[in-house]
Amino acid sequence: MCLSGVSLKGGPPKQQHQQPQEQGRAQQQPQRTQQQQGPGGVQASALRSEMAGMQLTRVNKGDEELVSKQRRLPGTQGRVIKVESNHLQLNLGKLETAYHYDVAIKPDKPKIYPAYDGKKNWYTASPLTNNLNDIIESDITINEDDDRAKVFKVEVKFANKVDMRPLRNFLTQPVTPQEAIQVVDIVLRMAPVQTCIPVGKSFFVKPTNTIIELGEGMEMYHGFFQSAIRGWKPFLNVDVAHKAFPKSLNVIDSFVEVLSTFRYKFVPENLSRLDRMQQETLTKFVKSLRVSCMIPNAPSSRKNYKVNGLEGSSRNSVFKFNNVQMSVEEYFLKTKNYRLKYPQYPTLWVGNPQRADKILLPIELCTIIEGQAVQRKMTEEQTRNMIKQSATNTTLRKSKIMDGIKRSNFNQSPTVKEFGFSVGDQFLQLDARVLQPPELKYKSSVCKVSKGVWRSNTFLNPATINSWTFVCANRYPPKPDEYSRMVSMFESSARDVGMVFASKATMPFVNVQGRQTYMDALQLFKSIKGKYDVVFVIVPDNGPQYSYVKKAAEIAVGCLTQCIKIGTVSKRLNPQTTANILLKVNSKMNGVNHSISITPPIMRRPVMIMGADVTHPGPDALHIPSVAAVTASHDPKAFQYNICWRLQNPQVEIIADLESITEEHLRFFYEKTRHKPEAIIFFRDGVSEGQFEQVRRAEIMAIRSACKKMQGQDYEPKITFLVVQKRHHTRLFPMNPRDSEDRNLNVPAANKTFFGHELLVEMSLRSSR
């Protein structure tokens with residue numbers, strides 16, 4: 001986890017208020033809010049009026065543009081250990097200006113990559129001509145994969161100059177110059193692109209020894225990620241990467257793999273009678289892939305095409321050829337002298353999708369071309385297999401990173417040399433601190449955390465469950481004795497943690513009927529609405545049933561659920577597992593599991609902790625909206641949270657309605673505590689480095705505006721805005737194996753590492769497991 005943040009300070013309050021005592025348990029479950037729904041029972045106007053009467057005098061005016069440049073040096077707490085980071089020193093030479101050119105290639109970009117980013121951007125270390133306004137045009141002939149020559153028209157025109165100096169001295173410009181960083185990334189990209197398959201900032205090669213099967217027609221390629229970053233000096237961050245690629249197979253064999261599961265082996269004969277769902281699955285898999293079509297024993301017939309979709313069989317698909325109507329099967333027999341073996345199988349629609357007459361190819365003649373990077377979400381099975389194959393210890397991970405660096409051979413690249421850049425070959429060495437973990441307070445004891453784990457005790461505020469039952473959304477429900485054992489374990493674990501099951505689980509335990517679709521789940525939960533405090537739902541180990549249950553029960557109907565996988569019920573159920581599940585159930589019932597034994601200084605005053613993220617649809621889902629969700633605490637221990645969410649335009653990272661959301665959270669906080677927060681700590685997830693400034697400006701302004709709406713210009717609580725990055729590529733390796741606490745030689749939990757010095761600090765934090 002990496003943290004970057006700013007702190008915006010309004011004046012400290014003139015009138016101090018003591019933090020209220022812990023509130024009693026709230027309603028059945030945390031309030032959920034959308035659009036104009038406010039907290040229950042309190043009108044917005046009445047709240048504004050009452051809050052306005054509690055004046056907080058501003059001493060120093062807050063400013064959305066204020067960014068503190070006074071950064072403290074790393075602290076002194078914790079045990080110091082030496083670690084290495086996968087950051088290589090980056091020497092940018094003496095280059096002061098790079099020249100940016102726009103490149104236009106017609107009819108399409110070539111399948112090789114000159115000294116540019118493969119799209120529109122071309123950077124040089126010196127001007128191409130004396131007159132920057134000159135437009136350079138040229139025709140380039142390149143042989144395609146099937147040896148056919150293709151002519152490309154290239155047009156190069158000057159775009160702008162890029163100042164590279166701020167990368168060497170961050171004091172001249174506190175905000176990272178994104179285009180200068182882009183120049184470095186594109187220049188360094190030229191080294192690995194000659195021997196690897198580029199996908200964004202990652203580069204892949206097919207394994208030479210063993211094919212790593214992911215299932216459903218896909219295999220895994222090894223690779224590495226590289227990105228120039230700007231710390232107190234430039235670095236190149238290099239990490240391992242893995243990606244799924246379509247296997248280079250005959251399309252028939254590929255389709256068989258796609259439709260086969262661990263329970264069901266699909267046979268090729270069934271390709272002649274596909275149902276609608278199977279057709280959709282195959283179309284989704286093959287669309288946009290490039291295939292090579294060749295008649296057996298006729299190499300000169302080989303041609304490459306891009307697939308648009310799946311069509312009818314070769315026998316039934318007809319078209320006009322020389323004014324004569326014939327089927328695809330007849331065409332190959334009469335004009336190519338080739339009799340199809342499987343004319344009853346579907347065809348591939350390829351070529352220009354705007355063409356009036358579709359080009360249809362028999363799948364038996366088509367082979368998927370190797371090394372195609374596809375931007376698709378993997379299935380659960382593929383994801384599981386990739387995690388199994390890619391999980392390694394730190395020693396092997398470091399070895400793979402070094403292999404990627406050697407493969408790139410940056411310092412021998414002509415492009416890198418031309419720009420005067422060079423890359424070091426040693427990892428960055430840093431001091432890290434292993435912090436003492438806080439002790440956790442339970443109802444009758446204080447628990448110590450060791451190596452990121454602890455054993456729970458009686459909950460601080462255990463919930464009471466008056467009515468509960470089980471529902472099965474799996475095709476094969478648990479056996480009666482499995483249900484009986486599960487009920488007994490939950491009752492026993494509940495007694496251990498102090499929770500009260502006021503009655504036995506209500507029987508009979510019902511099943512989701514039909515094909516267990518969303519509508520089937522919706523019908524069941526409508527029938528039991530309001531009957532139970534919590535419903536335990538058995539779901540399959542994989543598949544869409546979990547999302548169906550959550551959408552139907554908690555969004556559409558309003559039933560509180562706790563899902564349990566069928567594999568857990570039948571194989572892995574034990575007292576520790578049921579106790580862990582009750583941790584979630586108690587929180588959902590507005591209980592409090594535990595708290596930090598010594599209250600942090602910042603929590604001794606009224607403070608609201610907020611967390612925000614925007615979830616985007618997959619890369620191939622172009623018309624599905626993004627979901628912005630913001631939670632906020634409303635109790636002194638920061639254990640209970642309210643949630644607001646909004647739908648917004650796809651792929652938009654800034655939370656569009658954050659002002660309204662913050663206003664709702666402030667009202668809810670005041671309703672629960674009768675105090676306004678004197679400080680707001682805002683944790684923001686999902687923001688890339690290039691979006692820091694844009695998100696900071698827009699969202700802090702929205703929070704400030706919401707505060708002023710609640711009381712006017714005089715209410716300006718302190719705001720700390722922290723960007724939390726989980727999907728970063730910074731990896732830490734303990735230099736002394738004895739400093740690790742596990743067999744994979746990871747750095748210890750609660751490890752804090754600082755990058756930089758007193759004016760520019762980035763902290764990397766490894767949380768508990």
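In this predicted model, a useful place to begin is helix α6, where Ile-387 and Lys-388 are exposed on the side that lies opposite the buried residues. The buried residues of α6, which spans residues 380–390, are Gln-382, Asn-385, Met-386 and Ser-390. The points below start from that helix and then turn to the nonpolar cores, the strand pairings and some individual residues.

**Helix α6 and its surroundings**

- Seen down the axis of α6, the buried residues fall within an arc of 120°, and they therefore line one face of the helix.
- The cover over these buried residues of α6 includes three strands, namely β10 (212–215), β11 (218–230) and β12 (234–246).

**Nonpolar cores**

- The largest nonpolar core is made up of 41 residues, and those with the most contacts inside it are Val-251, Phe-255, Leu-271, Leu-282, Phe-285, Leu-348 and Ile-363.
- Helix α3, which covers residues 251–259, supplies the largest share of this core, with six residues.
- Apart from this core lies another one of 37 residues, which includes Leu-90, Val-238, Val-240 and Phe-427.
- Leu-271, one of the residues with the most contacts inside the largest core, touches Ile-252, Phe-255, Phe-266, Leu-282, Tyr-345, Pro-346 and Ile-363, when residues up to four places away in sequence are not counted.

**Strand pairing**

- Strands β15 (residues 318–321) and β16 (residues 324–327) run antiparallel and are joined by four bridges, and within this pairing Phe-321 stands opposite Val-324 of β16.
- Two residues lie between the strands in the hairpin of β15 and β16, and in this hairpin Asn-322 takes a positive phi near 55°.
- Elsewhere, an open sheet of three strands is arranged in the order β22-β21-β29, and its pairing is antiparallel.
- The edge strands of this open sheet are β22 (446–447) and β29 (595–596), each of which pairs on one side only.
- Strand β21, at residues 440–441, runs antiparallel to β22 and is joined to β22 by two bridges, and Val-446 in β22 is the bridge partner of Lys-441.

**Backbone features**

- Met-507 and Pro-508 are joined by a cis peptide bond with an omega of about 5°, and Pro-508 belongs to strand β26, which covers residues 506–511.
- Asn-297, a residue other than glycine, has a positive phi near 65°, and Asn-297 is found in the loop between β13 (290–293) and β14 (303–313).
- With a relative accessible area of 81%, Asn-297 is over the 50% cut-off and so counts as exposed.
- Asn-409 is not a glycine either, yet has a positive phi of about 50°, and its place is in the loop between α7 (394–408) and α8 (414–419).
- Because its relative accessible area is 42%, which falls between the cut-offs of 20% and 50%, Asn-409 is described as partly exposed.

**Ser-570 and Tyr-483**

- Ser-570 lies in helix α12, which is formed by residues 566–572, and Ser-570 counts as partly exposed at 34% relative accessibility.
- Although Ser-570 and Tyr-483 are 87 residues apart in sequence, the distance between them in space is 9.6 Å, taken from C-alpha to C-alpha.

Technical notes. Residues are numbered from 1 along each chain as its sequence is written. This is a predicted model: local features need pLDDT of at least 70, side-chain atom pairs count only at pLDDT 80 or more; totals for chains, interfaces and linings use all residues. Side-chain values use heavy atoms; hydrogens and water are left out. A nonpolar core is a set of buried Ala, Val, Leu, Ile, Met, Phe, Trp, Tyr and Cys residues joined through side-chain atoms within 4.5 Å. Buried means under 20% relative accessible area, exposed over 50%, partly exposed in between (1.4 Å probe, protein chains only). Contact means heavy atoms within 4.5 Å. The arc is that of the directions from the helix axis to the C-beta atoms. Two strands pair if DSSP finds at least two bridges between them.
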